[in-house]
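Subject: Structure handover

Hello,

Please find the structure below, with my notes on it underneath. Could you read them with the model open beside you?

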Amino acid sequence: MASKTILIYQNGTSGGGSKRSLLSLVKALHGSPDFKVQIIATNHGWFTSKLDELSIPYDYVSGFENLLTITRGNIKRHPLRVLFTIASTIPRLPALWGRFASVAPNCMVINEGPREILEFLPFIFRRQA
């Protein structure tokens, strides 16, 4: 049986419980002959620190760290600042999309919420081979 490629995407805006679950999944799949795991991260934090400790490789794409400032409170108090943050992130999207496309995964695990939908939107609708 040919190994399946699984792309795991993590941005630091996700909650701690979901990162722990994602790390459990990575540990279970890492080193399996049936799966090739490709991890893309756009924030250095708890998740990537754990990957470093476990010597599990990942791809880091910079330029998305400011998305961490988009919170419900900031949207209400500083909507223009939030819009500027989103607008300043848009030029980085092609680099991230290029990383996603280069993996050509059989399966994607996206640990995200609606704030980051622009980051992976093209791959939700991509044609299945």
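Arg99 is partly exposed, with 30% relative accessible area; in these notes buried means under 20%, exposed means over 50%, and partly exposed is in between, using a 1.4 Å probe and protein chains only. The side chain of Arg99 forms a salt bridge with that of Asp59, at 3.5 Å from N to O. A salt bridge here is a side-chain nitrogen of Lys or Arg within 4 Å of a carboxyl oxygen of Asp or Glu. Arg99 belongs to helix H5 (residues 93-103) and Asp59 to strand E3 (residues 59-60), so this pair ties together parts that are 40 residues apart in sequence. Helices (H or I, at least four residues) and strands (E, at least two) are DSSP runs, numbered from the N terminus. Asp59 is partly exposed too, at 25% relative accessible area.

Before going on, two notes on the source. This is a predicted model, in which local features need pLDDT of at least 70 and side-chain atom pairs count only at pLDDT 80 or more, while totals for chains, interfaces and linings use all residues. Residues are numbered from 1 along each chain as its sequence is written, and side-chain values use heavy atoms, with hydrogens and water left out.

The count of salt bridges is 2. Besides the Arg99 pair, Glu53 and Lys50 meet through their side chains, at 3.6 Å from N to O. These two residues are 3 apart in helix H2 (residues 46-53), which means that about one helical turn separates them. Glu53 is exposed at 59% relative accessible area, whereas Lys50 is partly exposed at 26%.

After H2 comes a residue to check. Ser55, in the loop between H2 and E3, has a positive phi of about 55° although it is not a glycine. Most residues other than glycine have a negative phi. Ser55 is exposed, with a relative accessible area of 62%. A positive phi, of about 50°, also occurs at Ala104, just after H5.

Back in H5, Leu93, Leu96, Phe100 and Val103 are buried. They span an arc of only 95° around the axis, so they lie on the same side of H5; the arc is taken from the directions from the helix axis to the C-beta atoms.

Phe100 also takes part in the 1 aromatic pair of the structure. Its partner is Tyr9, with the ring centres 5.1 Å apart and the planes at 85°, so the pair is edge-to-face. For this, rings of Phe, Tyr and Trp (its six-membered ring) must have centres within 6.5 Å; planes under 30 degrees apart count as stacked, over 60 as edge-to-face and the rest as tilted. Tyr9 is in strand E1 and Phe100 in H5, 91 residues apart, so the pair links distant parts of the chain. Both Tyr9 and Phe100 are buried.

Strand E1 (residues 4-10) is mostly covered, with 6 of its 7 residues buried. E1 runs parallel to strand E2 (residues 35-41), and 7 bridges join them; strands pair if DSSP finds at least two bridges between them. Gln10 has Ala41 in E2 as its bridge partner.

Lastly, the surface. Leu80, Leu83, Ile86 and Ile90 make a nonpolar patch of about 390 Å². Patch residues have over 30% relative accessible area and no salt bridge; like charges are joined within 9 Å, and nonpolar side chains (Val, Leu, Ile, Met, Phe, Trp, Tyr) within 5 Å. Areas come from the Shrake-Rupley method with a 1.4 Å probe, and for residues only the protein chains shown count as cover. Leu83 is in helix H4 (residues 79-89) and is exposed at 53% relative accessibility.

Regards
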